[in-house]
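I opened this model to take notes on how its strands pair, how its chains touch, and which backbone angles deserve a second look. The entries below follow the order in which I looked things up.

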Amino acid sequence: MMQAFVENSSLTFWNYFHSFSLLIKVIWIIILIEIILIICSVIYLNLIRKRFQQKNQKEKLLIEKYQEILINYIYLTADENEEKIKIKKQLVKAIKNNLDRKVIQELILKLHYELSGELATFLEDLYHDLGLVKYSLKKLNSSLWYIKIKGIREVTQMKVKNVYTETLKLINHENKLLRSEAQLTMVKLYQFEGLKFLDHLEFPISEWQQIQLIEEIQYIRNQEIPDLTNWIHSKNDTVICFILKLVHLFNQIQLKDELIKLVMHPSEKVRRTTISVLGYFRILEAKTILKQIFKNSTPETQHYIMNALSDLADKKDVPFFEKHINHPDFEINQIAIKTLKDLKPFLLTVNLNK
Amino acid sequence: MKEKVVLAEDDKTLTLLLKFRLEKEGYETFIVADGNEAKKVIEAVNPDIILTDIMMPFSSGLEVISYVKDTLKRDTPIVVFSVAGQEEMVLKAFSLGATDFMAKPFSPNELIIRIKRILIMKNR
């Protein structure tokens, strides 16, 4: 009887459905499909959520497991060598599994970030011994830029030295962040030797990147500064500006002839930076050329020249500064007056009264 | 009797590592992961020395120092952990009564030496 009722009702629904116009039928079908899609999506999302929860739970357990193992391993003494070998074998085996490896790798990197001294060196050695370097290097070959950055940060943090070629390839990557990270890695890992990346650099180095590079360079303990002459003639103007900052930082005054030549460089930025460095080093030979280019320079560059000439000035330069004490540019006439005041206070009073 | 150390730090791995080391050196170690918990444990166990991170959930290391020095009125030595760029916070910590500070990354060996030195000075 029940079956007859079901058959009857489905038949009724079918007849009812057939009585609709085509448009209504289509709308019904679309609604039905959407309901089915929504139900499927909810089920799918729930499954994904569950999977994520399970994965997170598993990861949490693994973190607890491996942090205990790692800490035990770190504090094992020399006479507990057997235990050391056993734990190391266990870790080597574990890193074959993706999730376990991710946990172990992150634990070592995180701990290394917080520690210094012999424990930091110990963790670097462990990272190498467990073969985790291989997985960091794999990231460098990824097609995704952010994975490459992750890899490059890992190798830098763990002081992996055999990545010169791989890193050099990335210094001209189309992604700016990756480029910056690769350039910093070159300096962090290879110190002054790493500056050779400047020979191959096709992109400009931003001011911020220059600051970061200089910050890293200042940490270099080796004081054997390389010859910076070649980079002074680079085709990349930002490389020249960066090198000029290094010339200033490391007092490379022996490059004064090269610096004087740079005053005529086509790039205004290079000219300005050079003029500042010339003033800082008090290179008297630069005075003539600075005076020569003063007239045809832009107002901003004229400020740089005046400042440099003010640093270099002696009594012979009094006529030059006198010529500019009534210059329409306030900054220029101020520098001229101030310099004259330092050089010849009495003469300045007379000229101003005139 | 073992000297008591309260270690307030929200990085669990670092906490475990330091706890292991402190216990190896013979200290009784109480670990807490946030500032509020730190205040409760400090009040309850009255430690010989407190090691605290500056940045912690709920209450910062600075609040913990203030609580120990101003509310509990205890002169327990406090060593503060900081990271680069927290110089202002370190100065505040000192003005609130911190005894010493260590900038991360730091060496656990150095930390132990500092703890021993501080406790010797305290017990004189």
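**Entry 1: the strand pairings of chain B.** I began with strand β1 (residues 4-8) of chain B, which pairs with strand β2 (residues 28-32) of chain B in the parallel sense, over 5 bridges. The model is a predicted one, and I read every pairing in these notes with that in mind. Looking for the residue that faces B:Val6 in β2(B), I found B:Phe30. The connection between the two strands passes through helix α1 (residues 12-24) of chain B, and I noted that β1(B), this helix and β2(B) make a right-handed β-α-β unit.

I then turned to strand β3 (residues 49-53) of chain B, which runs parallel to β1(B) and is joined to it by 4 bridges. Here the bridge partner of B:Val6 is B:Ile50. Is β1(B) mostly covered or mostly open? I found it mostly covered, as 4 of its 5 residues are buried.

**Entry 2: the sheet as a whole.** Following the pairing onwards, I saw that β3(B) and strand β4 (residues 78-83) of chain B are parallel and share 4 bridges, and that B:Asp53 has B:Phe81 as its bridge partner in β4(B). In what order do the strands of the sheet lie? I wrote down β2-β1-β3-β4-β5 for chain B, an open sheet of 5 strands with parallel pairing. The edges are taken by β2 and β5 (100-104) of chain B, each of which has a single partner strand, so one side of each is left without a neighbour in the sheet. Neighbouring strands of this sheet are turned against each other by 20 degrees on average, with direction ignored.

I also checked what lies against the sheet, and noted that helix α4 (residues 87-96) of chain B packs on it, touching β4 and β5 of chain B, while the direction of this helix makes about 170 degrees with that of β4(B).

**Entry 3: chain B in overall terms.** I listed 5 helices and 5 strands in chain B, and from the N terminus on they run β-α-β-α-β-α-β-α-β-α. How does the radius of gyration of chain B stand against the globule rule? The radius is 13 Å, close to the 14 Å that the rule gives for 124 residues, so chain B is as compact as a globular protein of that length. Its C-alpha atoms fill a box of roughly 35 × 30 × 25 Å along the principal axes. Of the 124 residues, 35% count as buried, and of the contacts with a separation of 6 or more, 58% join residues 24 or more positions apart.

**Entry 4: where the chains meet.** I next looked up the interface, in which 14 residues of chain A are in contact with 16 residues of chain B. On the chain A side, the elements that give two or more residues are α2 (22-74), α4 (98-114) and α5 (118-129) of chain A, and α4(A) gives the most, with 5 residues. I recorded the make-up of this side of chain A as 9 nonpolar, 3 polar and 2 charged residues.

Staying with helix α4 of chain A, I looked at A:Arg101, which is found there. A:Arg101 has 17 C-beta neighbours inside 10 Å and therefore counts as partly exposed. Leaving aside residues up to four places away in sequence, A:Arg101 touches A:Ile95 and A:Tyr135, and the C-alpha atoms of A:Arg101 and A:Tyr135 are 9.2 Å apart although the two residues are 34 apart in sequence.

**Entry 5: backbone angles to recheck.** Which peptide bond is cis? I found the one from B:Lys104 to B:Pro105, with omega near 0 degrees, and B:Pro105 is found in the loop between β5 and α5 (108-123) of chain B.

In chain A I noted a positive phi of about 50 degrees at A:Lys159, which is not a glycine and is found in the loop between α7 (145-157) and α8 (164-170) of chain A. A:Lys159 counts as partly exposed, because 14 C-beta neighbours lie inside 10 Å. Phi is likewise positive, near 50 degrees, at A:Asn251, again a residue other than glycine, in the loop between α13 (237-249) and α14 (256-262) of chain A. With 10 C-beta neighbours inside 10 Å, A:Asn251 counts as exposed.

Definitions and conventions. Residues are numbered from 1 along each chain as its sequence is written. Chains are lettered from A and ligands numbered from 1 in the order in which they are written. This is a predicted model: local features need pLDDT of at least 70, side-chain atom pairs count only at pLDDT 80 or more; totals for chains, interfaces and linings use all residues. Two residues are in contact if their C-beta atoms, placed from the backbone, lie within 7 Å. Ala, Val, Leu, Ile, Met, Phe, Trp, Tyr, Cys and Pro count as nonpolar, Asp, Glu, Lys and Arg as charged, and the others, Gly among them, as polar. The radius of gyration is taken over C-alpha atoms; the globule rule is 2.2 Å times the number of residues to the power 0.38. A residue is buried if 20 or more other C-beta atoms lie within 10 Å of its own, exposed if 12 or fewer, and partly exposed in between; C-beta atoms are placed from the backbone. Two strands pair if DSSP finds at least two bridges between them. A crossover is right-handed if, with the strands pointing away from the viewer, the path from the first strand over the helix to the second runs clockwise. Axes are lines fitted to C-alpha atoms, for helices over the stretch in contact, and angles run from 0 to 180 degrees between N-to-C directions.
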